[in-house]
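Here is a brief report on one protein chain. Keep the structure open while you read.

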Amino acid sequence: MMAAAMDHRVEVPGRVEVHTMARPDLARTTVICGLRPGQRLRIVKYLAYGWSSLRSRPALRDQVAGALAGARYTGWQGLLDSQRDYLDGFWDCADVEVDGDPDCQQAVRFALFHLLQASARAERRAIPSKGLTGSGYDGHTFWDTESFILPALVYTAPHAAADALRWRATTLDLARERAAELGLSGAAFPWRTIRGQECSGYWPAGTAAWHINADIAAAFEQYRLVTGDGSLEAECGLAVLVETARLWRSLGHHDRHGVWHLSGVTGPDEYTAVVRDNVFTNLMAAHNLHTAADACARHPDAAHELGVSTEEMAGWRAAADAAHIPYDEELGVHPQCDGFTTLAEWDFTSNTVYPLLLNEPYVRLYPAQVLKQADLVLAMQWQSHAFTPEQKARNVDYYERRTTRDSSLSACTQAVMCAEVGHLELAHDYAYEAALIDLRDLHRNTRDGLHMASLAGAWIALVAGFGGLRDDEHMLSLNPQLPECISRLSFGLRWRKFRLRAEIDHAAVTYTLRDGPGGELTIRHAGTLVTLTTRGPTTVALRPREPLLPEPAQPPGREPQWNYRRLPAAEAG
């Protein structure tokens, strides 16, 4: 239920009458006064909203009445000052400055505003994939939240990330019930939901996309790592980690050689469904299993209450260490899943009406080497340490030619990994597409609401792509490099209790440690440890990224939609 209340402060010289009447379908306030020339009538309107799925109507009325009383006491200026203080605190650290690319500059600030708008007052409810901006997807949330939105929020508004994770934890019992329905142990979080139940009946891209469980576990671990706050793990995260680990042990199996496999899964790419040993899923499941075991070691009493034994933890680690990661020795690339590189090539000469999901039957898509969105490439971003530079370069080259980007979740990931392997101008094009998807209505569906994950992707493309931000080795790592048209990139990060700012040009990066415990922080810059201090900025030369392979082509008609290199000189600035 929702409740709304309204009150007015009327300021006018002389006599005034204020009457309010309300009926079930109408409420009206009338102000009657007399004004002489030069006199002013000022009305301040206060509105309060309350909602709950549990409390009674009288309780909701009390809530909004209390909010109105507090607002009247604070006054309009007090409310305005409070809002300004909150937003100043956010932008002071979160702002991203992009010199040389005014469109990306506008877009990333637009994106950060809407990310905060959708999450700052979520109050233990899901962040919908359209945020607060439209009716698309009927208010549902997907894996987008933990996989794209929270990685941006945890560095810029960690309190909002914590609130979203607490919401996930409140749905754990429903996830346990879902796993039990499927004959599995642990908890199976839903692919599509509003309040915790699975709302998708589509098996291949819904239930079989088990990776959402590892994505959620990874988000809890990233929050602990980035903020240094272990209280959320103790409060609710440990139970989520334990139950998701139990799900993976229930789903996977060791073969006769001791290798651990996951079969019947769908990775992030929904054009390749119900497969064996999807690399992204296997790597993320292994991370989930290790993370759960480590968390239980940190909280032995709480783990004991959850029924976790030493043997169970050892089983988690053994499965994670034995997880099969397919590799095609002949081609020198990782198959997206077992056998992917032996599938039929998609005929891009005749089947190029995009998006393919609306123009081709899935029975043709599933057996072919054609991708809806980044999958193996996303694995290289999130589990960067699991791949060598040569493997990353060859994998990017291979999958660029087969990825249609029929999903708005893809461009930012391709931007990040193209930047890492040295295709900086292509990365800039993808960053453009991710950032401008709604400001330019690139998918022709912004009327249904903004693409919140792609908006988060604008931040990800700039900070993780051109800033080189990684944290998968439990350390803050940066390796900046800029494309030609961006002359300067500056962004702020929150790491543990530090606030850090990086200012990058084409020659060097200047790190400014603004504050933090002890006044010193050691980070990894381009693979080398650098100690920053609050005593003054630290400037370090960039390590140029030379591509190992030529820039790859994309499928016909799927070049980046907003190609910076094709813009007229005046439009490109």
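## Overall build

The chain folds into 17 helices and 18 strands. Its radius of gyration is 26 Å, and the globule rule gives 25 Å for 573 residues, so the chain is as compact as a globular protein of that length. This is a predicted model.

The C-alpha trace spans about 90 × 60 × 60 Å along its principal axes. Of the 573 residues, 55% count as buried. Contacts with a separation of 6 or more were also sorted by distance along the chain: 65% of them join residues 24 or more positions apart.

## Helix 3 against helix 4

Helix 3 covers residues 144-156, and helix 4 covers residues 158-170. Their axes lie 6 Å apart and pack at an angle of about 140 degrees. Helix 3 is therefore oblique to helix 4. The cut-off matters here, because only angles over 145 degrees count as roughly antiparallel.

Which residues meet? Helix 3 brings Glu146, Leu150, Leu153, Val154 and Thr156. Helix 4 answers with Pro158, Ala160, Ala161, Ala164, Leu165 and Arg168. By class, the contact of helix 3 with helix 4 holds 8 nonpolar, 1 polar and 2 charged residues.

## Helix 7 against helix 10

Helix 7 (residues 231-251) and helix 10 (residues 310-321) form another pair. Their axes come within 10 Å and cross at roughly 60 degrees. The two helices are therefore oblique to each other. The crossing of helix 7 and helix 10 is left-handed.

On the helix 7 side, the contact uses Val242, Ala245, Arg246 and Arg249. On the helix 10 side, Glu312, Gly315, Trp316 and Ala319 take part. The contact of helix 7 with helix 10 divides into 4 nonpolar, 1 polar and 3 charged residues.

## His334 and its neighbours

His334 sits in the loop between helix 10 and strand 10, which covers 344-345. Is this loop residue buried or exposed? His334 counts as buried, because its relative accessibility is 5% and the limit for burial is under 20%.

What does His334 touch, leaving aside residues up to four places away in sequence? Its contacts are Ile325, Pro326, Tyr327, Leu376, Phe387, Gln391, Asn395 and Tyr399.

## Backbone exceptions

Most residues other than glycine have a negative phi, and most peptide bonds are trans. Some sites in this model depart from that pattern.

Asp277 is not a glycine, yet has a positive phi of about 55 degrees. Asp277 lies in the loop between strand 9 (275-276) and helix 8 (279-298). At 0% relative accessibility, Asp277 counts as buried.

Arg405 also has a positive phi, near 55 degrees, and is a residue other than glycine. Look for Arg405 in the loop between helix 13 (389-400) and helix 14 (410-420). With a relative accessible area of 1%, Arg405 is buried.

## A cis peptide bond

Which bond is cis? The peptide bond from Tyr354 to Pro355 is, with omega near -5 degrees. Pro355 is placed in the loop between strand 10 and helix 11 (362-365). Strand 10 also borders the loop that holds His334.

Notes: Residues are numbered from 1 along each chain as its sequence is written. This is a predicted model: local features need pLDDT of at least 70, side-chain atom pairs count only at pLDDT 80 or more; totals for chains, interfaces and linings use all residues. Side-chain values use heavy atoms; hydrogens and water are left out. Axes are lines fitted to C-alpha atoms, for helices over the stretch in contact, and angles run from 0 to 180 degrees between N-to-C directions. Helices (H or I, at least four residues) and strands (E, at least two) are DSSP runs, numbered from the N terminus. Angles under 35 degrees count as roughly parallel, over 145 as roughly antiparallel, 65 to 115 as roughly perpendicular and the rest as oblique. A crossing is left-handed if the near helix is turned anticlockwise from the far one by less than a right angle, and right-handed if clockwise. Contact means heavy atoms within 4.5 Å. Ala, Val, Leu, Ile, Met, Phe, Trp, Tyr, Cys and Pro count as nonpolar, Asp, Glu, Lys and Arg as charged, and the others, Gly among them, as polar. The radius of gyration is taken over C-alpha atoms; the globule rule is 2.2 Å times the number of residues to the power 0.38. Buried means under 20% relative accessible area, exposed over 50%, partly exposed in between (1.4 Å probe, protein chains only).
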